[in-house]
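User: I'm new to this one. Can you walk me through it?

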Amino acid sequence: MKKQKAEKTNVMRVIEQHKLSYQSHDYTATGAISGMEVVEALGQELGRMFKTLVTQGASKEHYVFMVPVDGELNLKKAAKAVGEKSIAMIKSKELLPLTGYIHGGCSPIGMKKQFHTTIHHTAAEYETIMFSGGKIGCQIEMSLADLQKIVPVVTADII
């Protein structure tokens, strides 16, 4: 079976501009939609695949949180991690104008504006982690250290 060359996304271009290594995984042919389906379709270890969530604090500032696909963002822990009184998920319709990404294809790399980004601390346990490549059907695999060279990501207990 010949491996299909994935179309380059803005996320891939940004990573390449930083001269960092990554691997892209295309799962469009599988029909997978949810994070759990993507983990299964790509045959990956559950804990190393992260979803990217965008929130707004009581201060009206926006924050990005990355949690394992089988985890749920704890809004109280998230607020504490970024020094906010409270945090709420933004509405799906606000995602594209704010980040440039659609629901299901939101990546911490290449957003219209760089937001304070926090990833669940378990990411540090893996040699590489996976997250959206900026479109539905594409996952990026790279080390947390390399991700931090592009996006100033901090770790915290947020689930």
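**Surface first, then the inside**

Analyst: Let's start outside. The accessible surface of the protein is about 8700 Å², and carbon and sulfur atoms hold 52% of it. Keep in mind that this is a predicted model.

User: How many helices and strands are there in the protein?

Analyst: The protein has 5 helices and 8 strands. Along the sequence they run α-β-α-β-β-α-β-α-β-β-β-α-β. The radius of gyration is 15 Å, close to the 15 Å from the globule rule for 159 residues, so the protein is as compact as a globular protein of that length.

User: What box do the C-alpha atoms fill?

Analyst: Roughly 50 × 30 × 30 Å, along the principal axes.

User: And what share of the residues is buried?

Analyst: Buried residues are 47% of the 159.

User: Which residues have the most contacts inside the largest nonpolar core?

Analyst: Ile-109, Met-142 and Leu-147, in a core of 28 residues. Helix H1 (10–17) and helix H5 (144–150) are among the elements giving two or more residues to this core, and so are strands S2 (50–57) and S7 (138–142). H1 gives the largest share, 4 residues.

User: What does Ile-109 touch?

Analyst: Leaving out residues up to four places away in sequence, its partners include Val-11, Val-14 and Ile-15, along with Phe-131, Met-142 and Leu-147. Another core, of 11 residues, lies apart from the largest one; Tyr-63 and Ile-158 are among its members.

User: Switching to charges. How many positive and negative side chains?

Analyst: There are 19 positive and 16 negative, and the centres of the two sets lie 7 Å apart.

Technical notes
Residues are numbered from 1 along each chain as its sequence is written. This is a predicted model: local features need pLDDT of at least 70, side-chain atom pairs count only at pLDDT 80 or more; totals for chains, interfaces and linings use all residues. Side-chain values use heavy atoms; hydrogens and water are left out. The radius of gyration is taken over C-alpha atoms; the globule rule is 2.2 Å times the number of residues to the power 0.38. Buried means under 20% relative accessible area, exposed over 50%, partly exposed in between (1.4 Å probe, protein chains only). Accessible areas come from the Shrake-Rupley method with a 1.4 Å probe; for residues, only the protein chains shown count as cover. Lys and Arg count as positive and Asp and Glu as negative; His and the chain ends are not counted. The place of a charge is taken as NZ of Lys, CZ of Arg, CG of Asp or CD of Glu. A nonpolar core is a set of buried Ala, Val, Leu, Ile, Met, Phe, Trp, Tyr and Cys residues joined through side-chain atoms within 4.5 Å. Contact means heavy atoms within 4.5 Å.
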